[in-house]
Amino acid sequence: MEQIVNIKNLLRRIFRKYDEAITPILRFVWTLTVFISMDKLYGYSELLSRKEVILLLAILTAVLPEGFLFFIVGVVVAVHTFSAAFEAGVVFFVLYLVIYVVYVRFFPKYSYVVFLVPICFMLNIEYALPLVVAVVAGLGGAVPAACGVVFYEYALCVRDVVDKIDVKSPDDEVEAFRTLTDFLVHNKEMMLTAMVFAATVAIISLMLKFSFKYSMYIAIGLGFLFNFLFAFAFGSVLGVEADMSKVFLGAIIGLVVALLIRFAQGMLDYKHIQRVQYEDDDYYYYVKAVPKVDSEKKHNQNKSGKKPGKKAPKQCRRPDMPPMANDVPPIPNDMPPMQGDMQPGMPPMQGDHYN
């Protein structure tokens, strides 16, 4: 365990030291993954499907602030959907605008969850996402997780419309609109997945706010169980049978990833809880402090054998003890002046200044 903690602290120091170089690289990897996944889902525009364009867009969004990723991805997907069918582009524009106005506009830092959901769907581990999102984003990740489900399911809807309907007449346009709207309104599988995601993230996030012992680990474990419970309960209400094998696999992966994230954030030492009370002019405070087992500062102190906040005591000797080798003897008052010292009545030397 100590070796694992040492490795984690070493990685943490490396990330802190080279943060200016590592962060842009990680952002580029993330944006490149997003644009590749969007091309797999909405690859109807030949221009935007080129590797050079995808690479350029990934570099551009990695350099720009985080909020630009949501905007640029929306523009790219809109071009793809308009290239597939005009009706699909119009419906996507309205859908994306609703997601932005209702939620992303007020909570832009959680917009990455909207794109993380389709990636997990493409990897067939979508039910791992609620546990990970709850640990990383908290309650604020519930709504974008549900929006990400809609975002992915709409890609399947557009693909179905393009394959089955050849829009050449006004009747075909009406049929395409009807197919798109019916898919979004009456798609019970999409509703089931979105409800399971939002409910599981909400339950775990609320449990994480409690301060009793081991509440974080209990919350993650309950999220694992609620994945099954919500999938069965909501499936019974909607009349849809969820694939429990997929739910189980995703929940196992989500449990492992959530515990790894919790370990990276710091394992809590509930055996040494400290409680502090103090007050000011307006409030009286009750503070509960839980130390981290793998704290880098604590680990270094334990390794050196020193306790924090204590200085080495000064060495004191009795007056009758003989002087030590490193002691400097006091200068006697009757010591004769040395060569170069000023004698009384001597004129000042060149360079001396007197007030």
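A disulfide is a pair of cysteine sulfur atoms within 2.5 Å. The structure is a predicted model.

**Exercise 1.** Determine how many disulfides the model has under this rule, and classify C120 and C147 as buried or exposed.

Solution.
- Step 1. Applying the 2.5 Å cut-off gives a count of zero disulfides.
- Step 2. A residue is buried when its relative accessible area is under 20%.
- Step 3. C120 has 11% relative accessibility, so C120 is buried.
- Step 4. C147 has a relative accessible area of 15% and is therefore buried.

**Exercise 2.** Describe how strands β1 and β2 are arranged, and state how many residues of β1 are buried.

Solution.
- Step 1. Strand β1 covers residues 274–279, and strand β2 covers residues 284–289.
- Step 2. The two strands pair in the antiparallel sense, over six bridges.
- Step 3. Four residues lie between β1 and β2, and the two strands form a hairpin.
- Step 4. Within this pairing, V276 is opposite V287 of β2.
- Step 5. Zero of the six residues of β1 are buried, so the strand lies largely in the open.

**Exercise 3.** Identify which helix gives the most to the nonpolar surface patch, and classify Y100.

Solution.
- Step 1. The patch consists of F82, F86, F93, V94, L97, V98, Y100, V101 and V102. Together these residues have about 840 Å² of accessible area.
- Step 2. Helix α5, residues 86–104, gives the most, with eight residues.
- Step 3. Y100 is in helix α5.
- Step 4. Partly exposed residues fall between the 20% and 50% cut-offs. At 37% relative accessible area, Y100 is therefore partly exposed.

Note on methods. Residues are numbered from 1 along each chain as its sequence is written. This is a predicted model: local features need pLDDT of at least 70, side-chain atom pairs count only at pLDDT 80 or more; totals for chains, interfaces and linings use all residues. Side-chain values use heavy atoms; hydrogens and water are left out. Buried means under 20% relative accessible area, exposed over 50%, partly exposed in between (1.4 Å probe, protein chains only). Two strands pair if DSSP finds at least two bridges between them. Patches are made of residues with over 30% relative accessible area and no salt bridge: like charges are joined within 9 Å, nonpolar side chains (Val, Leu, Ile, Met, Phe, Trp, Tyr) within 5 Å. Accessible areas come from the Shrake-Rupley method with a 1.4 Å probe; for residues, only the protein chains shown count as cover. A salt bridge is a side-chain nitrogen of Lys or Arg within 4 Å of a carboxyl oxygen of Asp or Glu.
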